[in-house]
Every structure is written in structure tokens, then in C-alpha cells.
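Good morning, and thank you for joining this group meeting. Please look at the sequence and the structure on the screen while I speak.

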Amino acid sequence: MKTDLSIAQSAVFSVTQLNRKVRTLLETGLPQLWVVGEISNFKRYDSGHCYFSLKDAGAQVRCVMFRNRAGLLDFQPREGLQVEARAIVTLYEARGDFQLTIEAMRPAGLGALFERFEALKKQLAGEGLFDQDNKRPLPQYPKAIGIVTSPAAAALRDVLATLARRTPNTPVILYPTPVQGLDAAPQIANAIRTASQRDEVDVLIVCRGGGSLEDLWSFNEEVVARAIAACNMPVVSGVGHETDFTICDFAADLRAPTPTAAAELVSRNRQELLNLLHHQQQRLVRAFERELHNKMLQVDQLGRRLQHPGQKLARQQAQLQLLRSRFTHRFHSQLIERQEALSRLSLRLKHQAPDLQRQQLRLAQLRAALQRAMHGQIQSQRQQIEQATLKLAPWNPQTVLARGYALVSRTDGTLVRQANEVRAGDTLNVQFADEKISVNVNQGVVEQKELPI
């Protein structure tokens, strides 16, 4: 610190540098600390940031609470409220204003209660008491609604008025209990258990009006939370105002911001139901009229198709008689036509009957002539064959081979016509007049010398 002062005495700072230096000294020299005071000039802007002052009898300090921190508050800051704030001491450089940046805030004097609240909330959440998977849906049309509250509470009058307006025909059963005081929590839990054991309502409202944290503390007790969790029917919590949160809210199947809102959540608007009923009635009437019209059309169509059995029988008999007459007439006509055709065929057959003796004689003559012709033809063909054989004998290859010649061919059947077609190592077939042999060539063509003539 002495070094900083000596630097400050020997150096010239701009205003910006000075404010930045002071802000750094404040933020690094002082840890986060709790400050108690009364809220003054509180303003929440559209951005969500809150600006106010904390004051006591001797002084005041400007404060800012940014939106991300202000959104975590579980109460509504207001003018004149005594609070405890965890703050960072800093300086707003642009104006040189000494101020506190608020990190957390709670009503003054309630620190111990808040710590108990957070500890119990953490414990029960760790046990799964607040799990969304365990939340039960509210019945759409409850046959009876139960209320756990004080008979003298203003919240009861609000709830009953809302239920009478929205669903006047639904029975409401009150399970009376004190909602404030040292012994209120066990009695609230006992009222919830009584409602669960009787099992005479479909949904249960646990409610009371707004108040301070001490006033609402009975609904932050563990015995109340466990009674709600063990209840047989869905439970709606309507404790305090919209900004008030209790352990009861987290344990219930559904939290309502106010007792009146709780009554609206468990009931259906009577006028909406009447409108829905009227709409369904109109749809049913239109559907009935449409179906009735369609059925009347079907009856008319079936009536036109319906006939007396006697009329149908008479018509069928007349049709049968007509078919009988047509059949008889056609049968006689076909019979006459067939008889006439048979007579004509008989006459034709009689005129065309063959003379068997004459035909047999003619057949014998033709057989003799055919045998003579065949014999002459065979003799002529035999003579022609003999002459052709004599002419072809000199050209018979077998005759040539018999004179000492041979026919040379390769293994694939091609003929060898010249000696220069043969190479050493070839295999040749040689056909003589009486037998075929295979030979291997050891030597190719030897040069031939032309012999003198």
C-alpha cells in the first residue's frame, strides 16, 4: 500500500486511471461481505437489472443487482424492506460512484431460517421427494375437492368463492387446521393424512394467504412435505403470494401462485363446460339429423324395390310359361328340320351306294397291271445299276489302292498331297487296300536332283 501511495504522489493520473485504480483496490482489498440495511429508491428496469440504495440511520450506499442474480430471488424486494445482502464493494468508474454489486439477498434477520430452508430442500430433493417423475396429474373432472387450511383464513373464502363460481355442483370438504404457529406443522400434516385415509376427494388443496417467512414457516417443515408425498390423491399447493416459495410447493404435485389460482387449477370453468356442452349438443343434433336423413333415403329406396310376393310369383309364372312355349316351339321346329335332313341323307346314300362286284373285279385287274409294271420297272433299274457299276469300277479308290497305291493323311483327317508338307516328327495315317497304319516321320524332304532324261 505504501508503494502505491508513493507512486500516486510522484505520478499524474487521469480521472479514468484514478477511478480504475480505486475500483481495483476496493475489489481486491475487500472480500465479498454481508451488508444489512433498508431498501430505498428500488427500481427494476425492463432489462431485469435492479438499482436501489441500502441505508441505515447514519449512511447509505448505492447498489446494483444484475438480472442473472435478481432472477434467483425467492421474495419480492420492496421499498423499506430490511435485507441482508452479499455484495462486492466496487466503484462505478464512469461517474466515480462508490457502490455495491449485490450477489445474493435475503430479508434481514432471516438468515438462519433461509439456511434451514435450503438444507431441508436439498435433503428432500436428494431423496427424490421432488422428482417430476413422481408428480401425479390432476383429475380433469374431480367429483369432490378437499381443502386443508384454517376455517378463519381469508384464503378459504377466496377458494370457496372461486369454486362456487367455476364449478358450483362439485362437493367441497374442508379439513381444518391451524396454518401458523409453533404446533401448526404437525396439525397440517395430520389434516393431509386424514384426507388421504378417508379417500373421499379426488384432489386436495393445501393453502393459506401471504405473509412473512416466519408466518409461512409451518409449510416449510419436513413433516408436512412427507405427508404430501404420502397422500393418495394429487395435492396442489397454494401457499402465500406468487413470490413466496415453501417446501410444500416443491413436495406438491402442482404449485399455484395463490390460493385462488389453486382453486382455478383443480376446477373447470362452469361457463366453459356449458359452452362445450352446447357445442357438443349441436354437433350431436346435426349428426343425428344427418343420419336420420340418410336412413330415410335408404327406406325410400328399399320401399321402391320392395314388391308383394304374389306379384313376384305371378310374374315368374308368366315368364316360365313363355319360356315353356318357346322351348316347345323350338324343339318341334328342330325335330322337323332333323327329320327332313335325315330323309335327304338317306336318298343320297341310296343313290351313292357302290357296286361291290364290279369294284372287286376292277381292283383285281389293277393289281395285276401294277405287278407287271413293278416287275418291269425293277428289271430296268437293275440293268441301269449294273451298267453304272461297270462304268465306276475304274474310279473306285479301293481298286486303285489294290494296285499298290496308298492314301496318306494326318491325324486330323486332312490328306497329305505333297512330300514337302511333311516335317520330321509328324504322325501320319497310311491307308492301304486292306488296312490302315500309323507312321512317324524321322526325316523331312531330301533335296531332289533332277534326273536326266
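**Overall form and side-chain contacts**

Of the 453 residues of the protein chain, 28% count as buried. Please keep in mind throughout that this is a predicted model.

I shall begin with the overall form. The protein chain contains 13 helices and 13 strands. Its radius of gyration is 64 Å, whereas the globule rule gives 22 Å for 453 residues; the value is well over that figure, so the chain is more spread out than a compact globule. Taken along the principal axes, the box filled by the C-alpha atoms is roughly 165 × 115 × 45 Å.

A pair of residues illustrates these dimensions. Thr 328 is placed in helix 11, which covers residues 309-351. With a relative accessible area of 37%, Thr 328 is partly exposed. Along the chain, Thr 328 and Glu 27 are 301 residues apart, and their C-alpha atoms are separated by 129 Å.

Let me turn to charged side chains. In general, side chains of opposite charge can pair when their charged atoms come close. How many salt bridges does a search of the whole structure find? The search finds 14 salt bridges, and I shall discuss some of them.

The first example is formed by Arg 23 and Glu 27, whose closest N and O atoms are 3.2 Å apart. Where do these two residues stand relative to each other in helix 2? Helix 2 covers residues 15-29, and because Arg 23 and Glu 27 are four residues apart in it, about one helical turn separates them. Arg 23 is partly exposed, at a relative accessible area of 24%, and Glu 27 is also partly exposed, at 34%. This salt bridge belongs to a network, in which Arg 20, Arg 23, Glu 27 and Glu 93 are linked.

Helix 2 also holds Leu 18. At 45% relative accessibility, Leu 18 counts as partly exposed. Together with Phe 13 and Val 22, Leu 18 forms a nonpolar patch on the surface, and the accessible area of the three together is about 220 Å².

Another salt bridge joins the side chains of Arg 198 and Glu 200, with 3.6 Å from N to O. Is Arg 198 buried or exposed? Arg 198 is exposed, with a relative accessible area of 52%, while Glu 200 is partly exposed, at 35%.

My last salt bridge is the one between Asp 426 and Arg 410, with an N to O distance of 3.4 Å. This pair links distant parts of the chain, the two residues being 16 residues apart: Arg 410 is in strand 11 (407-410), and Asp 426 is in the loop between strand 11 and strand 12 (427-431). Arg 410 is partly exposed, with 24% relative accessible area.

I now come to the aromatic rings. A pair of aromatic rings is described by the distance of the centres and the angle of the planes. The structure holds five aromatic pairs. One of them is formed by Phe 130 and Phe 250: the centres are 5.7 Å apart, the planes are at 35 degrees, and the pair is tilted. Which parts of the chain does this pair link? Phe 130 lies in the loop between helix 4 (111-126) and strand 6 (145-149), Phe 250 lies in helix 8 (residues 247-251), and the two are 120 residues apart. Phe 130 counts as buried, at 13% relative accessibility, whereas Phe 250 counts as partly exposed, at 25%.

Consider next Phe 327 and Phe 331. Their ring centres are 6.3 Å apart and their planes are at 20 degrees, so this pair is stacked; planes under 30 degrees apart count as stacked. Both residues are in helix 11, where they are four residues apart and thus separated by about one helical turn. Phe 327 is exposed, at 59% relative accessibility, and Phe 331 is partly exposed, at 45%.

Ring pairs also build a cluster, made of Phe 130, Phe 245 and Phe 250. Over the face of Phe 245 lies Arg 255, at 4.1 Å from the ring centre. Elsewhere, Arg 106 lies over the face of Trp 34, at 4.1 Å from the ring centre.

To close, I return to two points: the chain is more spread out than a compact globule, and 14 salt bridges are found in the whole structure. Thank you for your attention.

Conventions: Residues numbered from 1 in each chain as written. Predicted model: local features only at pLDDT ≥ 70, side-chain atom pairs only at ≥ 80, totals over all residues. Heavy atoms only, no water. Salt bridge = Lys/Arg side-chain N within 4 Å of Asp/Glu carboxyl O. Buried < 20%, exposed > 50% of the residue type's maximum accessible area, 1.4 Å probe, protein only. Patch = residues over 30% accessible without salt bridge, like charges linked within 9 Å, V, L, I, M, F, W, Y side chains within 5 Å. Areas by Shrake-Rupley, 256 points an atom, 1.4 Å probe, with all protein chains shown as cover. Phe/Tyr/Trp six-rings, centres within 6.5 Å; stacked < 30°, edge-to-face > 60°. Lys NZ or Arg CZ within 6 Å of the ring centre and 35° of its normal. Rg over C-alpha atoms; globule rule 2.2 N^0.38 Å.
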